[in-house]
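Please look over the sequence and the model below before reading on. The paragraphs that follow go from a single loop position out to the whole chain, and then through its sheets and helices.

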Amino acid sequence: MLRFLTAGESHGRALVVILEGLPAGLTIDTDAIARELRRRQGGYGRGRRMAIESDRADVISGVRAGETLGGPIAMVIENRDWPNWQYTMRSTREAPADAGGARRAAVTRPRPGHADLAGGAKYERDDLRDILERASARETAARVAAGAVARQLLAHAGLRITSHVFTLGSLTLSDPGSVAFARASALADDAPLRCGDGELEQRMIAEIDRAREAGDTLGGAFEVIVSGVPVGLGSYVQWDRKLDGRLAQALMSIPAIKAVGIGIGPAVASLPGSRVHDEIVVGDDSRSTGIARPTNRAGGLEGGVTNGEDLRVSGYMKPISTLMKPLRSVDLSTMTESPAAIERSDVCAVPAAAVVGEAMVALVLADALLERFGGDSIAALTRAMAAADETLRARFRAPRS
């Protein structure tokens, strides 16, 4: 129902994203897109490039007078650092006479943990810049722009998205599930790490400082929380329609994400069923069923289908591959041992990964929403959702005595 494609290299002229499948009539707030792009560039531990780039997405098709038309939306994010890379990243065989930027040597020393070596072997490229430019997490700026549009559709349908960081390096919040949606959404956009525990956040900052001094990098974990999720998104009838599987694939596609959890995640393997499953009780809820859950360890998903509770999805990020004190590698041009290449990079990008995680969750949920309720226009989607809510109220209405 909803799909997107991105194009562009880390130091190329621009990133491009095409988002297809949005209904007609959705009001688009371009300032909200810019806000999400700013959030992605923030967070303690980011590198020098964030001082160079100031991302803004230019909408060039699919929107007229502030409303979607029903056709594909195309957006372009210019790379402000492009003048310094015109010679190295030119698309023509011969460099234009006025091409600016340094004449950079080929990259031949792959970084452990990056796509450099595997990608060079797969695509038969001698200069590993041909790999790293596309494999770079810079591409996620285009995803965030697409996700910012998708979350505007979700907001129209009553869904709200936020995130928080709960692990960084050796430091972790003992119970990430204790951070409610309201608490996470109240965290400031410009907070250093957007951790729900202020004292823990200061310790995390100190850990990043130590890693920077050592020429090292740090990973961590974040949780995306979505409130107002309708009952019945996703399906259990086929493996590729299960919403938890679709969310896991989306988050695992983010560079450096190595694991995904739903609800309490890996803890389900070490706890008895009585402390894993959420009891079902009579009570008020926001989805018109008259049924409530005292706990939400399942993270709002049972059998690959949303149950009306807050959706809670976590992503676990490995440390960034570029180290200022590089690990051992091999220079592929001479096949001799050599330190790995150094590219301009971050010490820690977990808060940024959380913003990308929000975008990917938004895109998956927007697709699932349109799959369930359909509609070529926003008005049609609104009618279908209202009818579904009325059906739920009738289905779960208490029997008359």
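Two residues are said to be in contact here when heavy atoms of theirs lie within 4.5 Å of each other. The model is a predicted one, and the contacts of G374 make a convenient place to enter it: leaving aside the neighbours within four places in sequence, G374 is in contact with L369 and L381. The position itself belongs to the loop between α9 and α10. With a relative accessible area of 18%, G374 falls under the 20% limit and therefore counts as buried. P351, which is 23 residues away from G374 along the chain, has its C-alpha atom 34 Å from that of G374.

From this loop one can step back to the protein as a whole, whose secondary structure comes to ten helices and 17 strands. The C-alpha atoms fill a box of roughly 85 × 50 × 40 Å along the principal axes. For 401 residues, a compact globule would be expected to have a radius of gyration near 21 Å, and the 23 Å found for the protein agrees with this. Of the 401 residues, 49% count as buried. Among the contacts with a separation of 6 or more, 69% are accounted for by residues 24 or more positions apart.

The sheet that includes the N-terminal strand may be taken next. It is an open sheet of four strands in the order β1-β2-β6-β3, with antiparallel pairing. Its edge strands are β1, residues 3–7, and β3, residues 57–61, each of which pairs on one side only. From one strand to the next, the twist averages 20°.

Within this sheet, β1 and β2 form a hairpin with six residues between them, and in the turn G8 has a positive phi of about 125°. Strand β2, residues 14–20, runs antiparallel to β1 and is joined to that strand by five bridges. Two of the facing positions can be named: A7 has V16 of β2 as its bridge partner, while L5 stands opposite I18 in β2. Further into the sheet, β2 and β6 also run antiparallel, joined by six bridges, and here L19 stands opposite I73 in β6. In a regular strand the side chains alternate between the two faces of the sheet.

What lies across this sheet is helix α5, residues 140–156, which extends over β1, β2, β3 and β6 and runs at about 35° to β2. Helix α5 is also met from another side of the account, since α5 and α9, residues 350–373, are what the buried residues of α10 pack against. Helix α10 itself, residues 378–395, has 18 residues and reaches 26 Å from its first C-alpha to its last, close to the 26 Å expected at 1.5 Å a residue. Its residues I378, A380, L381, M385, A388 and L392 are buried. They cover an arc of only 160° around the axis, and so they lie on the same side of α10. One of these, L381, has already been named as a contact of G374.

The second sheet to consider is open as well, with five strands in the order β8-β7-β9-β15-β10 and antiparallel pairing. Here the edge strands are β8, residues 171–172, and β10, residues 257–262, each pairing on one side only. Strand β7, residues 160–168, pairs with β8 in the antiparallel sense over two bridges, and L168 has L171 in β8 as its bridge partner. Helix α9 packs on this sheet, touching β7, β9 and β15, and its direction makes about 35° with that of β9. Helix α8, residues 243–252, lies across β9, β10 and β15, and runs at about 155° to β10.

Two loop positions remain, each with a backbone angle worth noting. A65, in the loop between β4 and β5, has a positive phi of about 55° although it is not a glycine; at 79% relative accessibility, A65 counts as exposed. E124, in the loop between α3 and α4, likewise has a positive phi, near 55°, in a residue other than glycine. With a relative accessibility of 68%, E124 also counts as exposed.

Notes. Residues numbered from 1 in each chain as written. Predicted model: local features only at pLDDT ≥ 70, side-chain atom pairs only at ≥ 80, totals over all residues. Heavy atoms only, no water. Pairing = 2+ DSSP bridges. Axes fitted to C-alpha atoms, helices over the stretch in contact; angles between N-to-C directions. Expected span 1.5 Å × (residues − 1). Buried < 20%, exposed > 50% of the residue type's maximum accessible area, 1.4 Å probe, protein only. Arc of directions from axis to C-beta. Rg over C-alpha atoms; globule rule 2.2 N^0.38 Å.
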